[in-house]
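Here is a guided walk through a two-chain model, meant to be read with the structure open beside you. Take it section by section and turn the view as you go.

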Amino acid sequence: MWLTVFLVRRVAATLRYVAMSVLIVDDHPSFRATARVLLESEGFDVVGEAEDGSSALEAVAALHPQIVLLDVQLPDLDGFEVAARLAELNGAAPAVILTSSRDRADFGTLVEESGARGFVPKAELSGAALLSLLN
Amino acid sequence: MRLLRTALWPVALLAGLGAFALILTSEHEQTPLMTGVLTLLVGWSFAISGLVAWSRRPANFFGALMVAAGLAWFVRAVVAADNAFAFTLGQILQYLVFGILVHLLLAYPRGALESRLARVLVVAAYLEVTIVQLVYLLFERPRAPGCSGCPPNQILLSKNPAVADGILFASRMGGIAIAALVAWIYTRRWRDATPAARRVLGPVLATGLLATALTTIWLVASSVDEDAGRYAFWATMTGLALVPLAFLAGLLRSRLALANVGQLVVSLGQTARPGELRDAIAQALGDPSVKLAYWLPESESWVRIDGRRLPSLASPDGRNVATIVERNGERVAAIVHDAFLHEDPELLDAVVAAAGLALENEQRLAALTQSEARLRAIIDALPDLMFRVSRDGTYLAVKAERTGDLVVPPDQLIGRNVRDILPREIAGPLLNCIEEALEQGAARTVEYEYELELEGFPRFFEARIVPGGEHEVVMLVRDFTERHNSELERQQLQAELRERLEELQASRARMVEAGDNERRRLERNLHDGAQQRLVSLSLSLRLAHAKLADPEAARTILDGASQELAAALEELRELARGIHPAVLTDRGLGPALETLVGRTPLPVEVETNLEERLPEQIEAAAYYVVSESLANVAKYANASSARVSISRENGAAIVEVADDGIGGADPTLGSGLRGLVDRVEALAGRLEVESVPGRGTQIRAEIPCE
């Protein structure tokens with residue numbers, strides 16, 4: 001595992017020379033904190049956090065992250081809605097990775113239809129998982 | 001036969017004259033004039049009466065017998081002949097007339113001998129006056145004693161005074177016996193005769209009785225003294241002459257009665273009161289037992305004048321019989337009368353003919369009386385009130401079983417107007433209906449329903465109005481209060497039922513909704529709480545694993561993970577308790593309430609008065625009542641303390657939660673209280689909330705547990 005992380009980090013550094021910027025959107029502070037530590041430790045640049053859909057849209061507009069790690073269940077707009085709106089930002093649209101503590105199968109075809117790059121279960125979150133979805 | 005009767009008139013006349021001449025010219029007749037006149041009188045009276053009776057009733061043998069008696073009487077005069085042979089023949093036949101008289105008296109009035117005794121007596125009488133007389137003459141002296149001038153006996157066989165006297169004595173005794181028996185029969189007949197029979201038979205019975213008595217006296221007297229015998233014989237002859245006269249008198253009386261009948265019936269006319277006609281007919285027939293029966297073709301039955309049915313016309317003993325009266329070929333009535341009146345058919349026919357019209361009138365009256373009685377019975381059988389009301393609304397007649405069904409008693413109703421009796425709002429439409437009914441004519445019925453307060457209760461009536469004449473109606477009023485009330489009750493019951501059903505449906509919907517909400521809440525709690533913490537824990541562990549090279553960083557991460565885990569466990573416990581308190585299942589309501597109170601952020605006093613555990617469902621309901629109530633107290637009541645009491649009274653669990661807070665709770669608003677109401681009512685219990693603003697809230701649940 002660590003080897004994979006190591007390789008990813010090397011490849012990223014080699015190819016882009018800069019770490020990829022990430023916005024974490026989740027209403028649970030504990031998850032946001034853990035995800036930030038995890039992703040930063042794997043070389044991602046966590047540029048910001050948002051606790052609901054609307055503040056997520058604002059953060060994207062302000063921070064222009066390359067990746068948005070977007071929780072499906074949010075207090076106001078749900079993750080699919082936020083993903084759809086982000087997809088409308090032609091050219092400036094970040095890569096959206098949906099995440100949830102629920103199983104992907106619980107959402108049927110919603111993930112594909114949302115315009116997101118993919119879905120990663122919260123318990124399986126890792127930099128490698130994000131990169132594999134991006135590629 | 002008619003020719004014979006016609007011929008007999010001159011025969012009787014000539015025979016009488018001949019006999020009279022023979023007696024007058026007789027040399028040995030001691031009292032020729034007296035005997036001659038009497039012979040003539042008696043003979044003619046029998047012969048003439050007999051011929052009259054015979055021609056009136058040719059089938060009756062009685063008339064012929066009378067004629068025979070008359071002729072035999074003249075034959076007897078031959079004894080006055082001076083010629084010895086004629087004299088002897090006269091002697092043989094001189095008593096034949098008595099045989100015929102016995103026959104005649106016993107055959108009266110029908111001309112036939114109706115009893116065995118009568119037949120025996122007649123045969124005996126005929127034997128005595130013929131054979132015994134003949135035998136007597138065989139032994140008689142040549143000349144009868146006391147008759148010196150009499151011609152000699154031509155058939156004398158042997159003069160034997162002893163035998164002759166013996167025969168004579170026996171013959172007289174026999175004659176006395178026969179006369180006495182005839183007299184006895186006549187007495188009995190008189191005694192047994194009905195008044196009508198006495199009227200018809202009376203004269204003949206009386207004179208017959210007299211004649212037989214005189215005959216007896218004559219027979220006794222002549223055996224004692226010759227002169228006495230002669231006088232007694234004259235008396236007997238006179239008595240016998242009365243019999244046909246009595247018969248004629250009876251006929252005359254019938255004729256007179258006929259005249260009376262016509263007069264009586266005419267005088268009665270059509271104005272006869274019931275019973276008067278019967279009395280008139282009874283008087284005309286001389287039969288007080290007369291009854292009248294009227295034929296009703298419709299019911300094919302005989303009825304009396306009052307319309308009551310008569311089971312049978314004739315009496316079972318046959319003493320009373322019925323003569324049917326017909327008019328124009330139609331049966332009208334029957335006169336039930338004494339059977340003896342058939343002996344007087346002319347009278348009966350005359351009465352029937354004369355009374356026909358009057359009887360026909362009474363027949364109609366009887367039919368009317370009967371149909372009126374039927375109508376009355378129908379009216380009486382109807383439970384409805386009935387009124388006759390004139391066009392202007394005046395009550396003409398009323399029929400009510402209960403005075404309470406009327407606004408005023410019947411005697412105060414008649415003559416008054418509907419407007420004065422009934423409220424205006426009823427009287428008005430009612431008068432319109434009356435007018436409508438009268439305009440529409442007889443075939444139509446107008447119906448009208450109204451409500452009236454009687455005896456302090458509202459009553460509902462429906463009136464049916466039928467024209468009963470040109471200016472009046474018959475109004476049938478039926479009380480349908482009972483039907484109305486039961487319909488009302490039914491509707492109320494139905495509405496109540498519908499309301500309860502709707503309530504039940506709403507309650508079920510709320511319970512389903514509450515269940516769904518609860519599940520949603522649980523899912524959310526699990527997802528947002530324990531699951532998120534476990535996700536973080538998972539990530540932290542992976543991170544710690546990655547930081548193994550940096551022990552300090554790894555420890556920090558693991559410390560955080562440990563706290564996450566503790567928090568996740570606590571949330572799971574809380575959640576489980578929310579689903580169902582384990583302590584309630586394991587330890588019962590008391591300990592469960594203590595736990596609940598322990599978590600409530602204000603002092604709560606608990607009082608339980610239960611000797612044993614309540615049924616599981618009721619325990620749960622009681623727990624949630626307390627739990628929800630205390631939660632509400634903590635959230636909204638702003639109370640300083642609360643009190644919980646659980647008890648069991650009269651087969652029900654009573655749960656009470658009271659606080660000293662601000663009050664003003666509304667069970668119809670909050671979903672929590674509403675859910676409690678549903679939960680309690682699902683167990684057939686009742687939840688009451690009293691929450692006056694400023695006076696705290698009292699919640700009381702009563703749940704039946706037997």
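How many residues of chain B are in contact with chain A? This is a predicted model, and in it 12 residues of chain B are in contact with 13 residues of chain A. On the chain B side, helix α15 (residues 481-546) gives the most, with 11 residues. By class, the side of chain B that touches chain A has four nonpolar, six polar and two charged residues.

**Chain A**

Let's begin with confidence. The mean pLDDT of chain A is 85, and 87% of its residues reach 70 or more. Within chain A, confidence is lowest in helix α1 (residues 2-16), at a mean of 58, and highest in β1(A), at 95.

Next comes the sheet. Chain A has an open sheet of five strands in the order β2-β1-β3-β4-β5, with parallel pairing. Its edges are β2 (45-50) and β5 (118-121) of chain A, each of which pairs on one side only. On average, neighbouring strands of this sheet are turned by 25° against each other, direction ignored. For a closer look at one pair, follow β3 (residues 67-71) and β4 (residues 95-100) of chain A, which run parallel and are joined by five bridges. Val68(A) has Val96(A) in β4(A) as its bridge partner.

**Chain B**

Chain B also offers an open sheet of five strands, here in the order β10-β11-β12-β14-β13 and with mixed pairing. The edge strands are β10 (604-609) and β13 (686-690) of chain B, each pairing on one side only. From one strand to the next, the twist averages 10°. As a reminder, strands of a sheet pair through backbone hydrogen bonds, either parallel or antiparallel. The antiparallel kind appears where seven bridges join β12 (residues 652-659) to β14 (residues 698-704) of chain B. There, Ala652(B) stands opposite Pro704(B) in β14(B).

Elsewhere in chain B, a hairpin joins β8(B) to β9(B) through four residues. Strands β8 (residues 457-467) and β9 (residues 472-479) of chain B run antiparallel, with seven bridges between them. Among the residues involved, Val466(B) is partnered with Val474(B) in β9(B).

**Helices on the two sheets**

The table gathers the helices described against these sheets, with the strands they meet and one angle for each.

| Helix | Strands met | Angle |
|---|---|---|
| α2(A), residues 29-41 | β1(A), β2(A), β3(A) | about 170° to β2(A) |
| α4(A), residues 79-87 | β3(A), β4(A) | about 155° to β3(A) |
| α18(B), residues 589-599 | β10(B), β11(B) | about 175° to β10(B) |
| α20(B), residues 671-681 | β13(B), β14(B) | about 150° with β13(B) |

**Nonpolar cores**

Which residues touch the most other members of the largest nonpolar core? Of its 105 residues, they are Ala69(B), Val102(B), Leu104(B), Ile281(B) and Val351(B). Helix α8 (residues 195-224) of chain B gives the most to this core, with 13 residues. Val102(B) makes a good place to centre your view: leaving aside neighbours within four places in sequence, Val102(B) is in contact with Leu121(B), Val122(B), Ala125(B), Ile178(B) and Val182(B). A second, separate core of 39 residues includes Val22(A), Leu23(A), Val68(A) and Leu125(A). In soluble globular proteins, nonpolar side chains tend to be buried together.

Note on methods:
Residues are numbered from 1 along each chain as its sequence is written. Chains are lettered from A and ligands numbered from 1 in the order in which they are written. This is a predicted model: local features need pLDDT of at least 70, side-chain atom pairs count only at pLDDT 80 or more; totals for chains, interfaces and linings use all residues. Two strands pair if DSSP finds at least two bridges between them. Helices (H or I, at least four residues) and strands (E, at least two) are DSSP runs, numbered from the N terminus. Axes are lines fitted to C-alpha atoms, for helices over the stretch in contact, and angles run from 0 to 180 degrees between N-to-C directions. Two residues are in contact if their C-beta atoms, placed from the backbone, lie within 7 Å. Ala, Val, Leu, Ile, Met, Phe, Trp, Tyr, Cys and Pro count as nonpolar, Asp, Glu, Lys and Arg as charged, and the others, Gly among them, as polar. pLDDT is the predictor's confidence in each residue, from 0 to 100. A nonpolar core is a set of buried Ala, Val, Leu, Ile, Met, Phe, Trp, Tyr and Cys residues joined through C-beta atoms within 7 Å. A residue is buried if 20 or more other C-beta atoms lie within 10 Å of its own, exposed if 12 or fewer, and partly exposed in between; C-beta atoms are placed from the backbone.
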